[in-house]
Amino acid sequence: MPILPPPRAFAASVPVLIAGGGACGLTAALAARDAGVDVLVLERDATPQGTTSMSLGAMCAAGTRMQREVGISDSPEQFFADVMARTKGETDPDFVRVITREAGPTVEWLADVHGVPLSVDADWRGLGHAVPRLHAPPDKSGAGLMGRLLQANERAGADLLTRAHVTDLYADSSGKVHGVRVKRPDGTTEDIGCGALILATCGFAANHEMIAKYIPGMGNARTFTWENSQGDAITWGLELGAAVADMGAYQGYGALAYPQLQLFNYTYVIDGGIMVNTEGKRFSDEMADVSGQGVNVLRQPGGVAFIVYDDALHHKYKDMIETRNAMELNAVKFGKDAHELAAALGIPGDAFAQTLADVRAVKNGTRTDDFGRTFAETAQLNPPYAGVKVTGALYHTQGGLVVDGHGQVKRADGSLLPNLFAGGGAARSISGPGASGYIPAAGLCMAMTLGRLAGTAAAKMTGHKK
Ligand SMILES: Cc1cc2nc3c(=O)[nH]c(=O)nc-3n(C[C@H](O)[C@H](O)[C@H](O)COP(=O)(O)OP(=O)(O)OC[C@H]3O[C@@H](n4cnc5c(N)ncnc54)[C@H](O)[C@@H]3O)c2cc1C
């Protein structure tokens, strides 16, 4: 992954070159095309999917017309306050101001200018967001989002080269990037020059050496991520003298169906479901920290837990992709009462029945919750019940290259690298230093908001008009 001295000339060159064709890269390409600039996206895989395709496809954004249309009053200021509270102030407020201000316009621009339909997913509430502000495509899936972004790129005339693994950067002693080297599946290489380079190759969740180095506490933990998240952008950036920050930050998740290793939707928990361990007991306020819940689950006996809900919630959400997958894989167990479900899940019936009785008492206001959960706006869980065995995992990293408000990469001394940009998982996020600062849907917010900002700025920098 070295930085190579630039050749005299490149056989082919584009003003704006983008490494990585996930949500960030494709959004950056749209922004560059809006500025009338030629752009080429280089994607390692045969079909662009990335971490984005594994996601629920939702990004957080505030003050959008989509929120207003369904009567949700929100603002960038409220979003900013929520992020600062979630991170306990341990993040860069100036950067958070930019992201929380620009996320809303990014959602509206994607929908109104580029035909990427995004609407508010009201099922995702709480977990740090004062009001519902997750915006998702109609099928609420990352694969659906990728499909829409790819169609938009085609309409906008953005060029995409797949099976194009960027292995090296060409840069001079000032840190100016002149181009990249691309390796093709047959082993041949191609050199492509550029006016500006946007790094959109995501983070390092799939690079076990980097995880062991930067997040040692999760060195042996399961990861559930896209295998190309190898930290390439961070490696190149560091070689060029870039600053990195919050390298210990990541999003965990405690709702990976086990042993099927399929994403299960946290909506059941948000809407009043609970999580118990193999002893049939709750172990946390399930709503306190959805990212940190991954570690909470891993700390339970056997590193597993169970999401428990009822028949009403099962029917309400039975058409979600994650539910359909879990049903097909026989991951969802049912019981006509607490003891029958406990038997199906293999946990002690009496303890589990007591847990359900305690939750009932909390919900009807006759006792307070041992873990401080309020269960606000959720109904009682009534038999028959359903449950899914889950485990925790590290999903994606949140530390990365430090960028300015236009996605341009900064050096350790605060100065800017001449023509290098980064966004999405490649850049330092708004999550602060650990696992608890992640606010739901910040990953795609960073990818698409910074993608738009970086694409716009890189196009302006190159000044090449089509
Ligand atoms: C299970 C799961 C669920 C999630 N759900 C959500 C959610 O609902 N909302 C949310 O906001 N976030 C979610 N996230 C996080 C979110 O998916 C990521 O933050 C986001 O997709 C990052 O986008 P990206 O464009 O930076 O990276 P990616 O989507 O991973 O795209 C990077 C692309 O770069 C390519 N690439 C890598 N290296 C190279 C190279 N050297 N040369 C060429 N190409 C390269 C990769 O193949 C990939 O296509 C979830 C993550 C996981 C794992």
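**View 1. Leu261 is partly exposed, with 13 other C-beta atoms within 10 Å.** To put that in context, a residue is called buried when 20 or more other C-beta atoms lie within 10 Å of its own, exposed at 12 or fewer, and partly exposed in between, with C-beta atoms placed from the backbone. What you're looking at is a predicted model, where local features need pLDDT of at least 70 and side-chain atom pairs count only at pLDDT 80 or more, while totals for chains, interfaces and linings use all residues. Residue numbers start from 1 along each chain, as its sequence is written. Leu261 sits in the loop between E12 and E13. Helices (H or I, at least four residues) and strands (E, at least two) are DSSP runs, numbered from the N terminus. Leu261 isn't a glycine, yet its phi is positive, near 55°.

**View 2. E12 and E13 make a hairpin with four residues between them.** The two strands, E12 and E13 (residues 262–263), pair in the antiparallel sense over two bridges; "pair" here means that DSSP finds at least two bridges between the strands. Look for Leu256 opposite Leu263 in E13. Besides Leu261, the loop between E12 and E13 holds Pro259. That proline is joined to Tyr258 by a cis peptide bond, with omega about 10°.

**View 3. Strand E12 also pairs with E17, in the antiparallel sense over six bridges.** Follow Ala257 across and you'll find it opposite Val390 in E17. How many residues of E12 (residues 250–257) are buried? Eight of the eight are, so the strand is largely enclosed by the rest of the structure. As a reminder for reading any such view, side chains in a regular strand alternate between the two faces of the sheet.

**View 4. Pro383 and Pro384 are joined by a cis peptide bond, with omega about 0°.** Pro384 belongs to the loop between helix H14 (349–363) and E17.

**View 5. Arg163 has a positive phi, near 55°, without being a glycine.** You can pick up Arg163 in the loop between strand E7 (159–161) and E8. Buried or partly exposed? Arg163 has 15 C-beta neighbours inside 10 Å, so it counts as partly exposed.

**View 6. Of the 44 residues around the ligand, Gly20, Gly22, Gly50, Gly424 and Gly443 come nearest.** A residue counts as near a molecule if its C-beta atom, placed from the backbone, lies within 6 Å of it. Helix H1 (23–34), helix H2 (50–54), strand E8 (165–171), strand E17 (385–397) and helix H15 (442–462) are the elements that give two or more residues to this shell. Which one gives the most? That's H15, with five residues. By class, the shell splits into 21 nonpolar, 19 polar and four charged residues. For these classes, Ala, Val, Leu, Ile, Met, Phe, Trp, Tyr, Cys and Pro are nonpolar, Asp, Glu, Lys and Arg are charged, and the others, Gly among them, are polar.

**View 7. Helix H4 (residues 76–86) has Pro76, Phe79, Asp82, Val83 and Arg86 as its buried residues.** They cover an arc of only 120° around the axis, which puts them on the same side of H4; the arc is that of the directions from the helix axis to the C-beta atoms. What do they pack against? Their partner is helix H5 (93–112). Just after H4 comes Lys88, with a positive phi near 50°.

**View 8. Three strands form an open antiparallel sheet in the order E4-E6-E5.** Strand E4 (59–60) and strand E5 (119–120) stand at the edges with a single partner strand each, so one side of each has no neighbour in the sheet. E5 and strand E6 (residues 134–136) pair in the antiparallel sense over two bridges. Ser119 has Ala136 in E6 as its bridge partner.

**View 9. The chain is assigned to domain 1 (3–215 + 226–249 + 398–462) and domain 2 (251–394).** These bounds come from an automatic or database domain assignment. Taken over C-alpha atoms, the centres of domain 1 and domain 2 are 33 Å apart. Where the two meet, 13 residues of domain 1 are in contact with twelve residues of domain 2, contact meaning that the C-beta atoms, placed from the backbone, lie within 7 Å. On the domain 1 side, the touching residues are six nonpolar, five polar and two charged.
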